[in-house]
Amino acid sequence: MTATEAVAKVKAAAPARLRWPHYLLIAAGLLVLLSLVRVLDGADDVTSSGTVSAALRLAVPIFLAGLGGLWAERSGVINIGLEGMMILGTWTGAWAGYQWGPWVGVLFGVLGGMLGGLLHAIATVTFGVDHIVSGVAINILGLGLTQFLAGLIFTTGEAKALGGGARQSPSVDPIRTVTLPVLSGGEIGGWKSPDWLGSLERHHWFLLSDVAGILRGLTNGMSLLTLVAILLIPVSFLVLWKTAFGLRIRSCGEDPYAAESLGVHVYRMKYAAVMISGGCSGLAGAFLVTVAAPFYQDGQTGGRGFIGLAAMIFGNWRPGGLASGSLLFGYTDAMNVRGGGQSVHALLLFVAVLLVAVAAWQAVRANRMRPRVITDLGRREVRNATIGAALALAAAAGLLAWFLLSDSVPGELVSFTPHLTTLLVLALASQRLRMPAADGLRYRRGEAR
């Protein structure tokens, strides 16, 4: 076999890489399937503008926390302390927000998260503390410190007079929202434009009303801070993948000793990335006190930092994938808030069809690999693909039977849906993930071998 034939064979065996047209086709197919499920089950809240708006609002703090994890792990530092940094962001954001306005609160929320990032960087980068241990310590410190400060500051003087207490802050003014004129009923110079998207949504037509509901949810009453979070998707991609600064950070996460040999100041890059990570997590906390709720409250983060970490892993350590995972978790949470048992019942059929598609893909993959298998590793991959197809088909059959034999999903399971989604997504996505090669490894300058 010649070298050219060998290269061609390797390319043929390699999995095809999905590009933007493929993702758009997949999204269109999922939307058609979701619309069909809505029509069959009569669950109009599945694609309503209210559900989409709630999903976006619930997804933003998860995305921002996950973005913090992405920045840290791209530099080689595991950040389990996202939850603690979010908690610091909620308290500092509320403390500054009720005194000087919501945007000052956002700034202080970012600074509070960066303080947690600085502590994590000192522990892991400078002193070489295990990253998991340091992250857990940040979570404990963030929770305990904010509880202490809330009891110390919000229960006295002006804060108490404005409604503060040991477990919550005074009210914070909300950040202004915007509505797109003409399409979603916004105003232009005092003139109230027609709500064309809302009119289409209320007809409940197949696909057309679903598209209108989704667009209306994305353009009606959106917070300005939500727009900032959306802009962070392309900004993070451009900085990390298209600039010298981002290349240095990613090189530290892949091989810090090779980066050191090329003149990169690894400690400085890791410090910068982890503090940016803390700032993103603090911004997520500030979002909770200026958009999601108008005050700080004990236990407000509700584990969103850990869900953000799961969304980051699901997104394969990339901003676009992270945004998709965050929307998925936000959507399932919105089903719990808006639609309840009937909407989740409709999703049983939706997931059953998706599992059938997964089973078919795994079966085709196994058949394609089987003629080329010559090693034990290849045989193991074929066997795993076959088992995966059988398990997906069995799960689809179980969900379809559940859908046909019931009219709604019990409330206890509805409230558990976001957490179940986290587990399922990580289990299904774990086979094709590639974390940074030096993620979590201890680095010391001059110790290259």
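I'll start with a term I need later: a residue is buried under 20% relative accessible area, exposed over 50%, and partly exposed in between. What you have in front of you is a predicted model, and R434 is a case for that middle class: its relative accessible area is 49%, so it is partly exposed.

First, the overall picture. The protein has 18 helices and 4 strands. Of its 449 residues, 45% are buried. The accessible surface comes to about 22,200 Å², and carbon and sulfur atoms account for 68% of that. If you take contacts between residues at least 6 apart in sequence, 76% of them join residues at least 24 apart.

Now the salt bridges. The count comes to 5, and I'll go through some of them.

Start with E254, in helix α11, residues 244-254. Which side chains does E254 meet in a salt bridge? One is R74, at 4.0 Å from N to O. That pair links distant parts of the chain, since R74 belongs to helix α3 and the two residues are 180 apart in sequence. Another is R434, where the N to O distance is 2.9 Å. R434 is in the segment after α18, which covers 411-429, and this pair too is 180 residues apart.

How accessible are these three residues? E254 has 27% relative accessibility, so it counts as partly exposed. R74 is at 8%, and is therefore buried. R434 I gave at the start: partly exposed, at 49%.

Staying with α11, the buried residues there are G246, I249, R250, C252 and G253. They cover an arc of only 150 degrees around the axis, so they sit on the same side of α11. As a reminder, an α-helix has 3.6 residues a turn, so residues three or four places apart point the same way. And what do the buried residues of α11 pack against? The partners are α3, α10 at 224-242, α12 at 256-261 and α13 at 266-292.

Next, a second group of charges. R38 forms a salt bridge with D44, and the closest N and O atoms are 3.3 Å apart. R38 has a relative accessible area of 3%, so it is buried. D44 is at 33% relative accessibility and therefore counts as partly exposed. The pair is part of something wider: R38, D44 and D210 are linked in a network of salt bridges.

D210 takes us to helix α9, as D210 is among the buried residues of that helix. The others in the list are S209, A212, G213, R216, G217 and T219. What covers them includes α2 at 20-41, α3 at 49-74, β1 at 177-178 and α8 at 196-202.

Does the length of α9 fall in line with its residue count, or out of line? It agrees: the 12 residues, 208-219, should span 16 Å at 1.5 Å a residue, and the end C-alpha atoms are 17 Å apart. Just after α9, G221 takes a positive phi of about 65 degrees.

One loop residue to note is D173. Where does D173 lie? Its place is in the loop between α7, residues 157-161, and β1. At 52% relative accessibility, D173 counts as exposed, because the cut-off is 50%. D173 and W103 are 70 residues apart in sequence, and their C-alpha atoms are 9.5 Å apart in space.

Last, the surface. Which residues form the nonpolar patch? They are L115, L119, L141, L145, F148 and L152, with about 540 Å² of accessible area together. Two helices, α5 at 102-126 and α6 at 131-153, each supply at least two of the patch residues. The most comes from α6, with 4 residues. On the α5 side, take L115, which lies in that helix. L115 has 47% relative accessibility, so it counts as partly exposed.

To recap the charged groups: E254 meets R74 and also R434, while R38, D44 and D210 are linked in a network. That is what I have for today.

Note on methods
Residues numbered from 1 in each chain as written. Predicted model: local features only at pLDDT ≥ 70, side-chain atom pairs only at ≥ 80, totals over all residues. Heavy atoms only, no water. Patch = residues over 30% accessible without salt bridge, like charges linked within 9 Å, V, L, I, M, F, W, Y side chains within 5 Å. Areas by Shrake-Rupley, 256 points an atom, 1.4 Å probe, with all protein chains shown as cover. Buried < 20%, exposed > 50% of the residue type's maximum accessible area, 1.4 Å probe, protein only. Expected span 1.5 Å × (residues − 1). Contact = heavy atoms within 4.5 Å. Arc of directions from axis to C-beta.
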